[in-house]
Structure formats: structure tokens, C-alpha cells
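Q: Hey, can you walk me through this structure? I'd like to begin with the ligand and its surroundings.

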Amino acid sequence: MTVTTIGIAGAGIMGHGIAQAAATAGIDVVLHDIDERLLRKGIDAVEKRLRGSVEKGKLSGEEARRVLERIAPAPQITALEKADFIIEAIVEDVNVKKRLFEELDGLCPHATILASNTSSISITKIAAFTKRRDRVIGMHFFNPPPVMQLVEAVCGLETGEETLAAAITLGEKMGKKVIRINDSPGFAVNRILLPMINEAVFALMEGVASKEAIDRSMQLGANHPMGPLALADLIGLDTCLAILEVLHRELGDSKYRPCPLLRKMVDGGRLGRKSGRGFYEYC
Ligand code: 3HC
């Protein structure tokens, strides 16, 4: 299957980041979001990143312009009809995803593959919202998507081999390393990463050390590029909480229970970088 145009539903951090990675690899992108303000914000963020690359001499002005031109902003979902492969990157709410997948299933030709960038919702469950269960797959990117190398290709119960092959080909065309994972709560990375972040929040709550000391310790003692609390801010504390809740509920083990401090911060609207304030302040 040759993919020339991909569709992305959702222009948030992950959606516009995936769009940037794809457009940089020469792939045409239709970037859809029903929220026109968010769509504009996503395109602006890509533009700003590209400008930064030009300033660093990593990209010519002409190349940056071409990358940006490959991303077509689309406030109407019908614009996704012409894409060969669609990646959903909307809010982590199973009911909202259900509505979107039902709509895409009705809108797109049967050959179109529908992928989800969900961080923890079952791909088998998402596929069951459609009449093309063999053509639904997880393509789980990592934040920031233009930088991080991995894509987890998550196979649901009925994901077909051709669908997997197409996802691997697309991911590799975007310059990513694609690893096949079976559908299981949190897949591989988040199942391992989120308990570590949760433990860091417990350590902070219990006064083991200051947030700076916890983060610095993990950078220097475990060679992590950033500490777990700073990483939680990057991922979004609401997203961290949502993933932990899925792990806790689906795996039924108390070791995944979200730390009360994490819950409190989300309740208080301290969501990390996206809200300007999480464990740290962002201006
Ligand atoms: N978007 C796009 N590009 C970004 C970026 C962003 N948000 N942040 C940084 N970059 C780019 C910079 O432009 C720079 O590019 P260049 O090499 O072409 O100049 C490059 O990344 C390095 O950035 P910096 O020099 O500013 O900073 P660092 O070297 O400290 O790297 C980092 C920043 C890449 C974020 C690094 O700290 C890192 O790898 N952190 C860990 C990130 C991680 O673990 N992500 C996975 C989270 S889990 C997840 O996403 C799953 C989900 O389901 C929850």
C-alpha cells in the first residue's frame, strides 16, 4: 500500500508534532481539528519549531516553507476523506474516540487504515467501533514526536498483517523505529514509564526530597535525559493520571494506583507545560 497523504485528527501537542514529523519526511498531511483555535495554535507551533531549525542552520528557509506547505489545516472532518491513512490523536476519552471512529468509518473508503495514537486505550476496543477491524491499529508516538525515535505499532485482536506492514512502512518513512507490540494496557513503554513517574510523585509527597533533587537524581543517577517530574509536566499531568487509571483498572493491581498528589494537581488545573504550571512553572 502506498501512502501519499495522511490525515491526522487532533492538532494538540501530539497531533501537530506527528504532522511536523510526517511533513518533514515529505508526506502530505491533512491536519484536522474541530477547534479552529487549536488548529491555528498547532500550525503556529510547527512554524515556530521550523523557524528555530532554520536559525540553527539545520534547515534552509525554502525547506521549512515546503514542510509547512505540506500541512493542510482542515476544520472540517470531511477533508480527511482523501487521506490513505489516518492517525487519530484526540483527547484520551473512550467515548469521544468512539464517536470519531464511527464517523471516520462512515466517511472514509474501506481501504483507508485508521490508526490511533492512544496512550493506553485498548486498540481492540477502538477497532470494534468500526466495521473495518482488520484495518485499525495503534501507532503510538512519543512526545515530542518530531524528536523521539520510537513508534509502538500496537496490534489489536483483529489487526491484519497488511495493516501492520503499512504502519511499519509509514513509521519508517517518517524516520522512526517501529516496534510491534500486542494490545495490552499501557502497551510496553507507558506500562513501565508511568509507574516510575507515579513513584516520583509519591517520593515528592512523602518528602523524600525536593522536586529538583528527585529530578536531578534520576538524571545523574540513571542517565535519564530529564527527571520524572519534569517529564510528567511534558507529557501532561492529566494524561499521566489517565494512563495510570487505565493501568490500575485494567490490570487490577494496587501498584498502579495514582498518587493522591498527582490527582490533586490535576484537580487544581496544574496540568504541566500545556497549562503553564505543573510541578514547575512555565512562562
Ligand atoms: N517539539 C519539537 N522539537 C523539540 C521539542 C518539542 N516540544 N523539544 C525539543 N525539541 C527539539 C529541539 O528543537 C532540538 O532540536 P535540534 O536537535 O534539531 O536542535 C532537540 O529537540 C533537542 O532539544 P533541546 O536541545 O532544547 O533539549 P534537550 O537536548 O534537553 O532535549 C528532549 C529535549 C528531547 C525533550 C529530551 O529532554 C528528552 O528526550 N526527554 C525525554 C522525553 C521522553 O521521555 N518522552 C517520552 C514521554 S512518554 C510519551 O510521550 C508517551 C505518551 O503516551 C505519554
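**Around the ligand**

A: Sure! The shell around the ligand has 11 nonpolar, four polar and three charged residues. Nonpolar here covers Ala, Val, Leu, Ile, Met, Phe, Trp, Tyr, Cys and Pro, charged covers Asp, Glu, Lys and Arg, and the others, Gly among them, are polar. This is a predicted model, where local features need pLDDT of at least 70, side-chain atom pairs need 80 or more, and totals for chains, interfaces and linings use all residues. Residues are numbered from 1 along each chain as its sequence is written, and side-chain values use heavy atoms, leaving out hydrogens and water.

Q: Cool. Which residues come nearest to the ligand?

A: Lys56, Lys58, His140, Asn143 and Asn190 do, out of 18 around the ligand (a heavy atom within 4 Å).

Q: How far is the side chain of His140 from a ligand oxygen?

A: An N or O atom of the His140 side chain sits 2.6 Å from a ligand oxygen. For Asn190, that kind of distance is 3.0 Å.

Q: New topic: why is β7 largely enclosed?

A: Because five of the six residues in strand β7 (150–155) are buried, meaning under 20% relative accessible area with a 1.4 Å probe, protein chains only. Strands are DSSP E runs of at least two residues, numbered from the N terminus.

Q: And which way does β7 run against β6, parallel or antiparallel?

A: Antiparallel, with four bridges between them (DSSP pairing takes at least two). One of the partner pairs is Met139 with Ala153 in β7.

Key. Buried means under 20% relative accessible area, exposed over 50%, partly exposed in between (1.4 Å probe, protein chains only). A polar contact is a pair of N or O atoms within 3.5 Å; within protein, one must be able to donate a hydrogen and the other to accept it, and residues adjacent in sequence count only if both atoms are side-chain atoms.
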